[in-house]
Amino acid sequence: MTKKMLALTLGLSGTALAAALVLPAVAQESLLPEGFGKPADTPAPRPAPTPSPTPAPSSTAAPKGGPAGATTLAPPTVATLDGGDTDAGDEASDGEEGTSGQLKYDLPPGARRLLTRVGPLTPETGGMAPDAFGVRGQYAAAIMRSMRGQVASRWGQILLRRALASAIDTPDTISGADLAADRAGLLLRLGESTTARMIVQSVDYDRATPRLVATAQQTYLANADPSGLCPYVPAGLAHGDEQSWRLAAAMCAGMSGEAGPAGWAIGRVRSSGKISNFDILLAERVLGATGAGRRSTTIEWDKVARLTSWRFGLATATGIDIPAPLRATEAGSIRSWTVLAPMTPMGDRIAAAPYAASRGVLSSEAYVSLLSAASSEEEPPEALAAQTDLLRSAFSGANAADRYTAMAEYWSAGTGATARYAALVATARAAAALPTGADVGADPWQLLGSMLTAGYDNRAVQWVSKLSVGGHGWGIMAVGSPRPLTGVGAGSIGSFASDDDSAETLRSKFLLAGLAGLGRIDAGQASSAASDLGVDLGKQTRWTRAISEAAQRREPGMVALLAAAGMQGEWDKIPPYHLYHIVRALHDVGLDAEARMIAAEALVRV
């Protein structure tokens, strides 16, 4: 069987089967409309020095530099086969050739990549400047490792993904491969499996440190691509979770047509008793697909209590359906991996899509395309057919009134906050296309919120003249408009608060925080409104000082990272002073468009 045929058999996600081949990273679809949030021009980076043909092996530990207090954050961890954590340590170095066997490399010496700058996105392709994270590498990595992976703001996650995927300079205080591992690990927890793979593939595999090797295993499992593990097997056996890498070695042997070594490795893992038989059977299922193992392997989920990355990756790669009860308890990150894995059954992708859209993993266009593809299948579910009929009417109804009626019905059809916000994401383009002469009621806040989910701020501002000062839609545009509105002050905020039905007037507090952070209300008026609302936007913590100092140093990448760290969880748990410092810091480093979208999103989602 040829390698191309094998890839088709497994339904793999595009990584070559050959162990030494590293494909160029392909940038993820932009979630911004043309011209929105376009980064400022930056000078072209100086040419990097020509690398030597062979990297010098080193066992020197990466320096543990960084500001005082950075070590109080969570220690570095890597995921094991069963989902547990194990200390990764800081002993990794740029070159591990001496400890991982004689690795073969197919690229000429001149094509090898240095670790001084890692990442696929340049300023010309939508990325940030190389110095966006500053010089404190261990500090940035510690923040990345401490984050749980759930960011309240869709726009906050979009911005963080862009920052993490940028080609950034590696500070002297950390190994470039280790920093890449922490970037990819955070992206995985955010559900951004395809972007995580771009980061992993930005480092030549024979320069991967133990931390990056462990992250690479999770990354290729998240992408349902077991063939991607093959280049890392020697290093994984030397430094990683031995049994899971033995199974990886068996699968890779099978993909190379070597049934004998594959069977030996499987048998050794089974006799160790350290891995559940279910996980071994999944590896054997991969071998069966290659023709090197038992084709009749039966997978029974009856005694499986949770869905790990290993189980998700191998089951998805081999076309094994994951039971609904396990899907119901899966982590949010796996829900997003499910949507991004094209070989996943369409029903599972559609079920997970609202979550991915609300988090920023799916753009509005990608979400609509997925719904359209699902509805075009033979005999789609009745609920999906009804949903897409409404969406179709929202885009192509006979007149503006019909389109808006369909939109309004679509927005109210979902159950739960996630589904309702995802509905706004799906209709973004339809909302932007609606003429301002349409009858949309007295306060079309959902229409405006829908446009801003995809960044159609210039289109949304055309509705401002139809808004009543103090209404919900007015508040959204007061922070979301590309230019300040007139008449914004303590009185208009008080009028907004009088109709605020959110818990503890959180929406009004967010409005004040956004206006103050953008500098759209003078200090006296802001102080008066803060007193009326009982909110202290000037509260200082270690986090507020960190994001303010990053803004003063003009480090947009670090600001984006700290902003996301300050928005972990859900919107109703985010303190208003966090939003104020986030919006202010983003505004100060030139990310004004993102600052406005995050502030507007807060008013839509609470």
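How much area does the protein expose, and what share of it do carbon and sulfur atoms supply? About 24,500 Å² is exposed, and carbon and sulfur atoms supply 52% of it. The model behind every view is predicted.

**Figure 1. Overall fold of the predicted model.** The protein holds 29 helices and four strands. It has 606 residues, and 58% of them count as buried. Consider contacts between residues at least 6 apart in sequence: 70% of these join residues at least 24 apart.

**Figure 2. Helix α8 against helix α10.** Two packed helices are described by the angle between their axes and the distance between the axes. Helix α8 spans residues 242-255, and helix α10 spans residues 277-290. Their axes come within 8 Å and cross at roughly 10°. Angles under 35 degrees count as roughly parallel, so α8 and α10 are roughly parallel to each other. From α8, the contact uses Leu-247, Ala-250, Met-251, Gly-254 and Met-255. From α10, Asp-279, Ile-280, Ala-283, Val-286, Leu-287 and Thr-290 take part. Eight residues of this contact are nonpolar, two are polar and one is charged.

**Figure 3. Leu-512 in the largest nonpolar core.** This core has 186 residues. Those touching the most other members are Trp-301, Leu-362, Leu-447, Leu-512, Leu-561 and Trp-571. The view centres on Leu-512 and sets aside its neighbours within four places in sequence. Leu-512 is then in contact with Ile-493, Ile-521, Ala-526, Ala-529, Ala-530, Leu-533, Val-535 and Leu-537.

**Figure 4. Arg-207, a buried loop residue.** Arg-207 sits in the loop between α5 (193-201) and α6 (210-222). Its relative accessibility is 7%. Buried means under 20%, so Arg-207 counts as buried. Leu-115 lies 92 residues from Arg-207 in sequence. In space, the two are 8.6 Å apart, C-alpha to C-alpha.

**Figure 5. Glu-379 and Thr-505, two loop residues with positive phi.** Most residues other than glycine have a negative phi. Glu-379 has a positive phi, near 50°. The loop between α15 (364-375) and α16 (382-396) carries Glu-379. At 72% relative accessibility, Glu-379 counts as exposed. Phi of Thr-505 is also positive, near 45°. Thr-505 belongs to the loop between α23 (490-498) and α24 (506-518). With 25% relative accessibility, Thr-505 counts as partly exposed.

Notes. Residues are numbered from 1 along each chain as its sequence is written. This is a predicted model: local features need pLDDT of at least 70, side-chain atom pairs count only at pLDDT 80 or more; totals for chains, interfaces and linings use all residues. Side-chain values use heavy atoms; hydrogens and water are left out. Axes are lines fitted to C-alpha atoms, for helices over the stretch in contact, and angles run from 0 to 180 degrees between N-to-C directions. Helices (H or I, at least four residues) and strands (E, at least two) are DSSP runs, numbered from the N terminus. Angles under 35 degrees count as roughly parallel, over 145 as roughly antiparallel, 65 to 115 as roughly perpendicular and the rest as oblique. Contact means heavy atoms within 4.5 Å. Ala, Val, Leu, Ile, Met, Phe, Trp, Tyr, Cys and Pro count as nonpolar, Asp, Glu, Lys and Arg as charged, and the others, Gly among them, as polar. Buried means under 20% relative accessible area, exposed over 50%, partly exposed in between (1.4 Å probe, protein chains only). Accessible areas come from the Shrake-Rupley method with a 1.4 Å probe; for residues, only the protein chains shown count as cover. A nonpolar core is a set of buried Ala, Val, Leu, Ile, Met, Phe, Trp, Tyr and Cys residues joined through side-chain atoms within 4.5 Å.
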